[in-house]
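Please open the model in your viewer and keep the sequence panel beside it, since each stop of this tour asks you to make a selection and then look at what is there.

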Amino acid sequence: CGTIRALDDELERGRAACARRVWEEAHESLARADAISPLGADDVELLSLAAYMLGRDDESMGLLERAHQAHLEAGSTRRAVRAAMWVCMHHASRGEMGPAGGWLARSERLLGDEECAERGYLLIPAAFGAEAAGDLETAAATAAAAVEIGQRFGDPDLYALATHLQGQFVIRQ
């Protein structure tokens, strides 16, 4: 009973600290909770976010990989794809194109033909690829397609990310 109470207390503190954006406290509490009993996918994502905000990129990505697997096991394919896409973009930002491509391919396989906001997230690496190839027109058009998907599915994170990228590509043109 004491273990369950300690777990609940740490989870409550960690979640509240995340909501207040007090990242060190969030990380400490969620990590303690995880040591008591493995966190569920949503709380692993919060721990990953706290680690990322503290500059602990490798830890954050390992946790996102773990969240991806937990979402898959729970049957939450779209959530698994979102976690995988952030892992993909992390690898790509480091120039690790092999792992990035693997995570992207995995995401595409998981979504299949499903039309959803996550489809827009799959366009982000393609936009960066076009930019890297020097084709800013295609990069901007790809980002614009992601903006449209973000609008259609009411995904403010995708909309903001894609709009930002589209603006960068248009300015560089």
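What does the accessible surface of the protein come to, and what share of it belongs to carbon and sulfur atoms? With the whole protein shown as a surface, the accessible area is about 9000 Å², and 53% of that area belongs to carbon and sulfur atoms. Please bear in mind throughout that this is a predicted model.

**The whole chain**

Switch to a cartoon view and follow the chain from the N terminus, where you will pass through nine helices and meet zero strands, so that the order of elements reads α-α-α-α-α-α-α-α-α, the elements being numbered from the N terminus. Turned along the principal axes, the C-alpha atoms fill a box of roughly 60 × 30 × 30 Å. If you colour the 173 residues by accessibility, 39% of them count as buried. Among the contacts with a separation of 6 or more, 52% are made by residues 24 or more positions apart. If you then colour by charge, you will find 17 positive and 28 negative charges, whose mean positions are 3 Å apart.

**Helix 1 and the loop after it**

Select I4 next, which is placed in helix 1 and is exposed, with a relative accessible area of 54%. A distance drawn from the C-alpha of I4 to that of A92 spans 40 Å, for two residues that are 88 apart in sequence.

Move along to R21, in the loop between helix 1 (2-20) and helix 2 (23-36). What is notable about phi of R21? The angle is near 65 degrees, which is a positive value in a residue other than glycine. R21 has 61% relative accessibility and therefore counts as exposed, the cut-off for that class being over 50%.

**S48 in helix 3**

Now select S48, which lies in helix 3 (residues 41-53). Is S48 buried or exposed? With 2% relative accessibility, S48 counts as buried. Show the side chain of S48 and you can trace it to the backbone oxygen of S60, which it reaches at 2.9 Å. Once the neighbours within four places in sequence are set aside, S48 is in contact with S60, L63 and L64.

**E96 in the loop before helix 6**

The next selection is E96, found in the loop between helix 5 and helix 6 (97-111), where a relative accessibility of 28% makes this residue partly exposed. Its side chain makes a polar contact with the side chain of H91, at 2.6 Å. Draw a C-alpha to C-alpha distance from E96 to L122 as well, and you will read 17 Å across 26 residues of sequence.

**The aromatic pairs**

How many aromatic pairs does the count come to? The count comes to two aromatic pairs. The pair to show at this stop is W86 with Y121, an edge-to-face arrangement in which the centres are 6.4 Å apart and the planes make an angle of 65 degrees. These residues are 35 apart in the chain, W86 in helix 5 (residues 77-93) and Y121 in helix 7 (residues 117-132), and the pair thus links distant parts of the chain. Look at the two rings with the surface switched on: W86, at 39% relative accessibility, counts as partly exposed, whereas Y121, at 3%, counts as buried.

Then select F128 and F169, which form an edge-to-face pair with 6.3 Å from centre to centre and 85 degrees between the planes. Because F128 lies in helix 7 and F169 in helix 9 (residues 156-172), this pair ties together parts that are 41 residues apart in sequence. F128 counts as partly exposed at 34% relative accessibility, while F169 is buried, with a relative accessible area of 1%.

**R172 in helix 9**

The last selection is R172, also placed in helix 9. Which residues is R172 in contact with, leaving aside its neighbours within four places in sequence? They are E131 and L136. With the side chains shown, R172 makes a polar contact with the side chain of E131 at 2.3 Å, although the C-alpha atoms of R172 and E131 are 9.8 Å apart and the two residues are separated by 41 places in sequence.

Definitions and conventions
Residues numbered from 1 in each chain as written. Predicted model: local features only at pLDDT ≥ 70, side-chain atom pairs only at ≥ 80, totals over all residues. Heavy atoms only, no water. Helix = DSSP H or I, 4+ residues; strand = E, 2+ residues; numbered from the N terminus. Buried < 20%, exposed > 50% of the residue type's maximum accessible area, 1.4 Å probe, protein only. Contact = heavy atoms within 4.5 Å. Areas by Shrake-Rupley, 256 points an atom, 1.4 Å probe, with all protein chains shown as cover. Lys, Arg positive; Asp, Glu negative; His and termini not counted. Charge placed at Lys NZ, Arg CZ, Asp CG, Glu CD. Phe/Tyr/Trp six-rings, centres within 6.5 Å; stacked < 30°, edge-to-face > 60°. Polar contact = N/O pair within 3.5 Å; in protein donor to acceptor, adjacent residues only side chain to side chain.
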